[in-house]
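Work through the exercises below with the model open. Try each task before reading its solution.

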Amino acid sequence: MSTFTPLSLYSLPSKSALVDQFVGQPISSLRTPALIVDRTKFKNNCEKVTGEAKKRGMNFRVHVKTHKTIEGTRMQVEAAGGAKATITSTMVELWQIIEGGLVEEGLVDDILYSMPVSADKMEDLNSAQEKIGSKGTIRLMVDHPKQIEELGKFNDRVGRKEKWSVFVKVDGGGRRAGVPPTSQQMKDIIGAIVASKHVEIYGFYSHFGQSYASDSLSKGSSYFAGEIDCVQSAAKIARSLGAEGKWVLSVGATPTAHAAVREVVQSHGGLEGELELHAGCYCMCDLQQHATSLITTSNLAITVLARVVSTYPHRDEAMCDAGALAVSKDTGRYPGFGRVVSPPKARGWDLGRISQEHGTLVKRPQGDETEFSENLDGEGGPEIGDLVEIVPQHACLVCANFPWFYVVEDGRKEVVDVWVPWRGW
């Protein structure tokens, strides 16, 4: 069974109307909560990570699921001379990259649909490939022999002659998608592909979500080395089972992308394929990334703007209008759900508790030694009517909560653009 939902049904706000309404306005005039993106920091983050990957001899594949916008994707693929390979988590992201003209313009020629492929999506994926033709390739993710079987059935049913190009997802311990590199299921997947006339291996793909536990460059680099070992082991298994090809070994998460030091790359000689680095949240960053110690506050391109609506001096707390539907309920190594970075008098405060629309601001305990440690001497604090900017724990889920993003430039407090994120699956 196939499913199809026309993009036209995923109606989005008019960008031109939003630009007319808000560009040139101070952020103090915005209804809160509002999501603020610093375009300068976003661009710098893209340039840095993509450029460093190229210096270390790796291609770079950009994940667009953090922001889900045409403007952000364009900045990602144009960074450091261009990175034409992309990753999407939803069919809407995949189609919007195509409909947004990035393939037609030659900026994107490789789109990976990163969810392990299911039979209901195959017709849509085939239609996408037909639409872009020879200008690009739609790649799939597989981690079970049944998926190979279903791809073969689909090709036989619709008469597709071209083989599907797939990444085999390898689980290096994160226990999300993928299977362990030397497991029997990995051998079964490889065996099914070798026997299939409809599928060919493009590469092996790993995501070390556990790398968010990094707290130093050396720790992050050790996770990066583990990722390479993981996909290399799977590729060796594939070679031993008769699989052939010039493969791509795709590794990365935002922490390991920042910790992908040259020494680790150089120490992994004799690889079974070409090394590729992938990441997504690197373009915005957040508290989870900051807690790894691999980025600084200068990399934080996203804040949630909220307004203080009440104060409670008897318990040393305040209330703002940004709750779970503005910052999500994700947490991290730092306490709470976000850290206040503006105004200066409130920088010693955190978003400590949340409910659906309410956010409780609490004073940060003494002894915090991070870059957020200014103004912990007890002076000042949020007052009713104040606007506060909060760095959230996890940018990806926060972005999904807002109908549009207000864009500023280089720390200034005036709207210069509005980005409308893609919705749906």
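**Exercise 1.** Why does cysteine 320 form no bond with the closest cysteine sulfur?

*Solution.* First, the ground rules. This is a predicted model, in which local features need pLDDT of at least 70, side-chain atom pairs count only at pLDDT 80 or more, and totals for chains, interfaces and linings use all residues. Residues are numbered from 1 along each chain as its sequence is written, and side-chain values use heavy atoms, with hydrogens and water left out.

Step 1: apply the criterion. A disulfide is a pair of cysteine sulfur atoms within 2.5 Å.
Step 2: find the partner candidate. The closest cysteine sulfur belongs to cysteine 399 and lies 18 Å from that of cysteine 320, so the gap is too far for a bond.
Step 3: check the surroundings. Cysteine 320 has 1% relative accessibility and therefore counts as buried (buried: under 20% relative accessible area; exposed: over 50%; partly exposed: in between; 1.4 Å probe, protein chains only).

**Exercise 2.** Repeat the test for cysteine 396, then give the disulfide count.

*Solution.* Step 1: take the distance. The sulfur in cysteine 281 is the closest cysteine sulfur to that of cysteine 396, at 4.3 Å, which is too far for a bond.
Step 2: take the accessibility. Cysteine 396 is buried too, at a relative accessible area of 9%.
Step 3: count. The rule yields zero disulfides.

**Exercise 3.** Place alanine 83 and list its contacts beyond its sequence neighbours.

*Solution.* Step 1: locate the residue. Alanine 83 sits in the loop that runs between helix H3 (70–78) and strand E3 (85–88). Helices (H or I, at least four residues) and strands (E, at least two) are DSSP runs, numbered from the N terminus.
Step 2: judge exposure. Alanine 83 is buried, with 4% relative accessibility.
Step 3: list the contacts (heavy atoms within 4.5 Å). With neighbours within four places in sequence set aside, alanine 83 touches Thr50, Phe60, Val62, Gln76, Val77 and Leu107.

**Exercise 4.** Which strands pair with E5, and in what sense?

*Solution.* Step 1: define pairing. DSSP must find at least two bridges between two strands.
Step 2: take one partner. Strand E4 (residues 110–116) pairs with E5 in the parallel sense, over five bridges. Isoleucine 111 has isoleucine 138 of E5 as its bridge partner. From E4 the chain passes through helix H5 (residues 122–132) to E5, a right-handed β-α-β crossover (with the strands pointing away from the viewer, the path from the first strand over the helix to the second runs clockwise).
Step 3: take the other. Strand E6 (residues 164–170) and E5 are parallel over four bridges. Arginine 139 is bridged to serine 165 in E6.
Step 4: check burial. Five of the six residues of E5 (residues 137–142) are buried, so the strand is largely enclosed by the rest of the structure.
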